[in-house]
Amino acid sequence: MLACDLTLTSPQENLACDEALLELCERGEADELLRLWEPSQYFVVVGYGNRVRSEVSLPFCQQHTIQILRRCSGGGTVLQGPGVLNYSLVLRADSSSPAHSITAANSFILKRHQDALAALLRAPVEVRGHTDLAIGGLKFSGNSQRRGKRFLLFHGSFLLNFDLELMERILPMPSRAPEYRFGRSHSDFLMNLKIPATLIKRALLQAWEADETFADIPLEPIAHLARHKYGSDAWNFRF
């Protein structure tokens, strides 16, 4: 598998990069790959079908100039920022692939991450809800996917040293939550792993045998998507 450790300048470019990599593979110009990236600024990312006004504190974001963007995959709303490590997998999704369906992809990918993180952390990592990883019922990783005709994008984040108090101020209780949340606040439901990002990166690279560097970054498609889609209120505030 190919690998790239690539954090771009703006939030829009980082979201656009995932979609551009999926499109690149769909066109047959690249094969399976793993991208890793770490945001340097806070911004909100709503899931494809989320309603901004019900999932985000708009007044707080406007007062503190925190951008609100929409990603191309489903799932719930998240706050990105320093202390979060993100990964993006683009995998084959044909009928012979272990990721041939939504359910199969969730099981295949999360099981691999569960095993890799349990070995690294020496802790009983659990797969909870549909796409969460947790320890003792405390979530530290959320994930979502977007499926193309031949490939899928499966991406998610790991909480390492994130400001959970800030999350409380920006994100209200989500409109949909897994049963194991039991109505808990963000601070009571989430946990930071409190380890260096380099350790998680190494574990993921080893788990996916991503030992060949991917250098053909589709910069022009990324810039186009960042400007015309992820930089557009028509997309970000469509719901």
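**Aromatic contacts in the predicted model**

Good morning. I begin with a charge over a ring: in this predicted model, the charged end of Lys-229 sits over the ring of Trp-235, at 4.3 Å from the ring centre. A second contact of this kind involves an arginine. Arg-112 lies over the face of Trp-208, and the distance to the ring centre is 4.3 Å.

I turn now to contacts between rings. A pair of aromatic rings is described by the distance of the centres and the angle of the planes. How many aromatic pairs does a search of the whole structure find? The search finds eight. One of them is the pair of Phe-140 and Phe-158, with 6.4 Å from centre to centre and 25° between the planes. This pair counts as stacked, because its planes are under 30 degrees apart. The two residues belong to distant parts of the chain, 18 residues apart: Phe-140 is in strand β9, residues 138-147, and Phe-158 is in strand β10, residues 151-159. Are these two rings buried or exposed? Phe-140 is buried, with a relative accessible area of 1%, and Phe-158 is buried as well, at 0%.

The rings of Tyr-230 and Trp-235 make an edge-to-face pair, because their planes stand at 80°, with the centres 6.2 Å apart. Both Tyr-230 and Trp-235 are buried. Which residues form one aromatic cluster with them? Tyr-48 and Phe-239 join Tyr-230 and Trp-235 in that cluster.

To close, I return to Trp-235. This residue belongs to the aromatic cluster, pairs edge-to-face with Tyr-230, and has the charged end of Lys-229 over its ring. Thank you.

Definitions and conventions. Residues numbered from 1 in each chain as written. Predicted model: local features only at pLDDT ≥ 70, side-chain atom pairs only at ≥ 80, totals over all residues. Heavy atoms only, no water. Phe/Tyr/Trp six-rings, centres within 6.5 Å; stacked < 30°, edge-to-face > 60°. Helix = DSSP H or I, 4+ residues; strand = E, 2+ residues; numbered from the N terminus. Buried < 20%, exposed > 50% of the residue type's maximum accessible area, 1.4 Å probe, protein only. Lys NZ or Arg CZ within 6 Å of the ring centre and 35° of its normal.
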